[in-house]
Amino acid sequence: MAFVDQIKDIVNWLSSPPRFFLLSVIAFFAVLFPGELGPAWLRRLTRPLAAIYRPRVAAVLFGFLGLLFFLSFRDPNFLLIVGKPDNVPIAAMIFLVGFFVWYSLQQGRLNDRLQESGQPVVEKQEAGDPKVLVWPDLVYTEFLCMILWTVFLIIWSIFLKAPIEEPANPAKTPNPSKAPWYFLGLQEMLVYFDPWIAGVLLPGLIILGLMAIPYFDTNPKGNGYYTFKERRLEIAIFLFGFVVLWVWLILIGTFLRGPNQNFFGPYEYWDAHKLVPLINIEFSQLMWVKLLKMPLPSNPMAREIFGLLVVGAYFLVLPRIMGRFWMKRHYEKMGPPRFYVMAFLLLTMLSLPIKMLLRWTMNLHFLVFMPEAFFNI
Amino acid sequence: MPIKVDEYLRKIGALNVFFAASSIGLLLVMGWMVYDDYHRGWKGYQAAFLRLEAEKTEAEIRAARDAIDQTALQSLQAELQEARSAAERHARDRAEAERRIRSLDAEHYSVDLQYRTIKSTYDAKKFDFEEARHAGARSAAELEREMDVDGEDLEGRRVRLLEIEKAQGEAEAALRAVIGRAEDAQKKIHELNAGVDRLRKRLETVAPRGLMRAAIAALNAPLMDFVAPTFKIQQVVLDRVPIDINFTRIPRADRCQTCHLAADRAGFEAAEQPFRSHPRPDLFVGGASAHPADRFGCTSCHAGRDRAVDFVYAVHNPDSPEQKEAWERTYGWERDHHWEHPMLPRSRTEAGCLKCHQGVAMVPEAPSLNRGIAIIDRYGCFGCHKMRGWQEREKVGPTLTRVASKTTPAWLARWIGNPKAFRPSSRMPRFFGLPNNREPGDAEREAAEIQGIVAYLTEKGEKVSYPPLPGRGEARRGERLVKTVGCTGCHAIEKDELPPDVIRARDRLEAADPVAWERRFGPDLSRVGSKLRPEWIFRWVQDPRSYDPNTRMPDLRLTTREALDVTAYLITLRDEGDSGASAAAPAPRPEARDRTLLAYLSQRMTPEDARARLAGMGAREKDVLLGERTIQRYGCFGCHIIPGFEKSPPIGTDLSEEGSKHPDLLFFGYVKIEHTAPAWFYQKLRSPRSFDEGKVATFYDRLRMPQFDFTDEQAALLTLVLQGLTKEKVPLESVRRLTPRDEAVEAGRRLMREHNCKGCHIVDGAGGAIRQSIARNLVAEGMSEDEAQATVAAFAPPILEGEGDKVQPDWLFDFLKAPAPIRPWLAVRMPTFGFSDAQTNALVHAFAARDNRSFPFQTLPLAAPRGEELRAALRMFTPDYFNCWSCHQQGARKPQGPPEGWAPDLTLAHRRLNPDWIARWIENPQALMPGTKMPTYYDPEDPRGSAPPDILGGDPQRQMQVLRDYVFTLGARGAGRAGAQP
């Protein structure tokens, strides 16, 4: 049992947000580009990961993860949180999202190989000639899926009761107070950003950005078939935003955020009395007090000048540099207006992980902190 | 364009099979869903209850059938038989009469139909004519004629109908002449069987048979039961005891009776739950009770989720670990954290009373709650905690303004350190040396704090000195006085009264205190000599108020001599283990005192400033300052009046809504108890500082609640009261509102509790604790235990049940202000309490109100007996008849025999007693005061038979009236009273 407890302790330790997040990002890129990124030694190190796209290896891996997951139910704390009726679909989401992401990438790589050897893609082979008929090949199977899905939902509703709790009480809110699961990503952002950014600006930009994708990404390849090689950057950016910055945050918010919004490992008891240090440091304090050893200027603009400069540089100077160096090919292909809009949206997206890291490593509260104007970044 | 089958991507045949299978699957799952929705636990209970009711009804039918008088039934049946055969002989007459009735009925029907037809046309024509005449139309005359024709026709039919009805009556009488006797007999048989028939009908509805049964089964069938099922959720909607769902209040909808089907019905007292009758239908649920179910429902008292119809969701709450286990097995019970008003466990149901019965000294019929309230009153929880219903109470501890004149500093230090070590029965809790202060250095710090408190009390208090005793008393006489004069109504002397092993068991909280609750009102006197200065005792027992004007210690009117004797005795009551200062903790080192004081001061100032302040102070000054800070921290002023802390606010948590506190707001620490508020309360009461265990805290931040040494039972009772102090707001119309009479009774009850009247008197069905000590005296004088118990009533203070009925308000007022002996044979004295006029009036009013007498004035409509009546009265007083003077005193004339056989002075009666009470008293003393020595002269069953026949014609009522009138002329006759002149 001691061995199992040690494993649990290690998992709990790894689940602390900075560690877990960094691990997730590294794993994300390593699996997405096995043996393709970074210096030669890193490529050598990550190359074996390509094996994951072999169905048999993937099946073993999924099986192993599933086994671990179900074995974890023996832990009372894990069971208490994961076994809640309202958390069951989120637990299912781990495997469903994992599987479908894997499946699309695997199919894309398969097609890439087929195309390299001059063969038609899988979809082309399956469809044959003439093409597949809507009825019965599509509609009939969809109908069958609908019936089976209804059967499944009914059985689910019989076994898991609606999670109804106590009457709402303004004097005593539930602890932890959580948004509905699909908003937990947004709620997680509230930890790092001012509400007007996390609750208004960023969700708005997410929708605008999704709507703008067809105008940035005019690459016609990949229509009607899976591919990876032909749209590497596009897939990478999208999956980073979707899997890491959305689904991952939902999982964190569901399973690891406990009472008082504290982090708890998956095998840890949700103790409402747990205390963790909560320290807020403003960027202005960092610059003026710590670095320059001066009191904070009373004029808010003067006080926040460093923060404003950093934010300005991030959104105004960085795109230019990107266009000149790292993303030169895209800059040339898209032209300045489209590129700069895209760069703005991309940087906005990346500001979330950056802010998270600043928060975890330096306890940074805000880069720009102007409560006088209700303006905090 | 037709497409060939082999051009499809998938195999259609396989898809079809798959489709068929999944559709069947869907159908089955739908069926399952319907069943799951249909199958509810409460339907099972309703069916089970019908079976139970059927069994019960069948048993009742059998019993009713057995109860029928068989001989009466047989004779009736014989008569029926006989009457039927008699009717048989006149069969032709009967047939003729029946035929005639039939034809008359037919004719009546037809004529009546014609009558009503014509009547409607007639009415219509009448209306037309009236309209036409009013409008002056020319057709009016024609219309009138038509109307008249119909009118005549109508009248003819009406007369005909009357004729037919008369003929019908005659025909029926003719028929009855033939078969009347048989019908009567039949009717009587029915009446005899009525009970059984009624039960049979009930059985038919409870357990229908045949077609009816099938029809009801269909009504209750799945998917059919939306029409008119017989299995239904039973609910009462109660908007006068609403539920607070935080944003608003909604009507309570109690569905408990969906399963608890017999709660409002008698006859199921022994049934298994949920079918048991409510145990107190006279108080609850019943329509005629004070809390009918249609006004208060169930959950307004029991709590729980009103709308739930499932055992777990109703938030039933087990009363014991065994019950919890049984419920987990039977019902899959688990604690539902989502309902803020979990049901009160059975033993703590009385907590539900408090939200409506607020701020009263006693809630009728709630013994546990009342005992809990009494403990709070006695221990003074409200000194440190604000509590709804206990505002503006006197502090429960003695005033410490002049404590230095009462005892020695050494004793004070010893007492503060651990009061229970000196007097285990003390209510004063222990603050020092408790488990959360056992780190190195804590003992010395606490010793410094205690020394500080003593210094503060000595230094800041009033300096009073008492003159030396004016003589020497005799301890033996003093002992007799203390044990007989009435001290023992409030004080026990347990080392005299109890065997040591009993005391030890009590001290270890293994057994309840055997001394009566009322006799713990004042401190136990066992070791009082080790505590008090003799001069102080002498002064105190003579005039307690001169030391503390607010004291509740009354004045027993001791003479100087008696006071000296009592002092001499009390001084002998010493602590055997008392060898002066050795019992007290060693004085702390000055460094420890300085360190502690520094720690206190550093809470608010920098250590440097604190040190500077200390440097300028003398040792005594430091002690006093440390004492002040310690008193401040521990809130000693919650119970004691302490100079300098008169205005300090209480230091404890507000408990007014503690019963609604969510367990999340309570800190359970590392104590392994269930995470519920009641479990926490109980733990806190038993071991107040246990939640500090395993925590890191400076002494200043540790828990401060002292250790009261409550027994398990006391802690449970206090938990019950705390659970009752909820935040629920009950609308005024549902709150118990006291009538003016109840208010008067309530005010009296409170005064009586504050002055411990029950220590001596039995009132409200309890009290008379002093009998414990009087019986002991009798045993000491040589009586056996049983004898002592039998005679103790003769030496005990009077029982006050019915006192308001018995005595005149004027007299009671005077008596309470300045008691004068009524029963001179009693050694025990009614003390002078020094009541104010308002308090005295309140008490007199309470007695009057309790017995529904008028207050404050009343007339005494009496005439002194004369002539024959006076002679009759005098004769009845003689030994030949009632021999009144053999027991009753007559002024200075005392009866013969031992004093315990004496009875009150009749010459006082005219001023003291209510005249109607005297008459009722003579008539049946046992009815007014069960167990009284007053003989019963008139047999309550037969007063006339038992009355002396030769006096006033043997009329008991007149005899009693004359006796009463005569008693009223005794003594200071009349004294100017209306109607009472000689």
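These are my notebook entries on the chain contact, the domains and the nonpolar cores of a predicted model.

**Entry 1. Contact of chains A and B.** I looked up which residues of the two chains touch. I found 23 residues from chain A and 24 residues from chain B in the contact. I then sorted the chain A side by residue type and obtained 15 nonpolar, four polar and four charged residues.

**Entry 2. Domains of chain B.** I noted the assigned bounds: domain 1 (69–192), domain 2 (236–343), domain 3 (403–638), domain 4 (740–850) and domain 5 (867–969). For domain 3 and domain 4 of chain B, I recorded C-alpha centres 31 Å apart. Their contact takes 18 residues from domain 3 and 20 residues from domain 4. On the domain 3 side, I counted six nonpolar, four polar and eight charged residues.

**Entry 3. Largest nonpolar core.** Which residues have the most contacts inside the largest nonpolar core? I found B:Val566, B:Leu570, B:Ile774 and B:Val792, in a core of 40 residues. Among the helices of chain B that each supply at least two residues of this core, I listed α20 (560–572), α27 (770–780) and α28 (785–795). The most comes from α20(B), with six residues. I also noted that domain 3 and domain 4 of chain B each provide at least three residues of this core.

**Entry 4. B:Leu570.** I examined the contacts of B:Leu570, leaving aside neighbours within four places in sequence. The partners are B:Leu525, B:Val528, B:Gly529 and B:Ile537.

**Entry 5. Second core.** I found a second, separate core of 33 residues, which includes B:Val844, B:Phe847, B:Ala872 and B:Ala873.

Note on methods:
Residues numbered from 1 in each chain as written. Chains lettered and ligands numbered in written order. Predicted model: local features only at pLDDT ≥ 70, side-chain atom pairs only at ≥ 80, totals over all residues. Contact = placed C-beta atoms within 7 Å. Nonpolar A, V, L, I, M, F, W, Y, C, P; charged D, E, K, R; others polar. Core = buried A, V, L, I, M, F, W, Y, C linked by C-beta atoms within 7 Å. Buried ≥ 20, exposed ≤ 12 C-beta atoms within 10 Å, placed from the backbone. Helix = DSSP H or I, 4+ residues; strand = E, 2+ residues; numbered from the N terminus. Domains from an automatic or database assignment.
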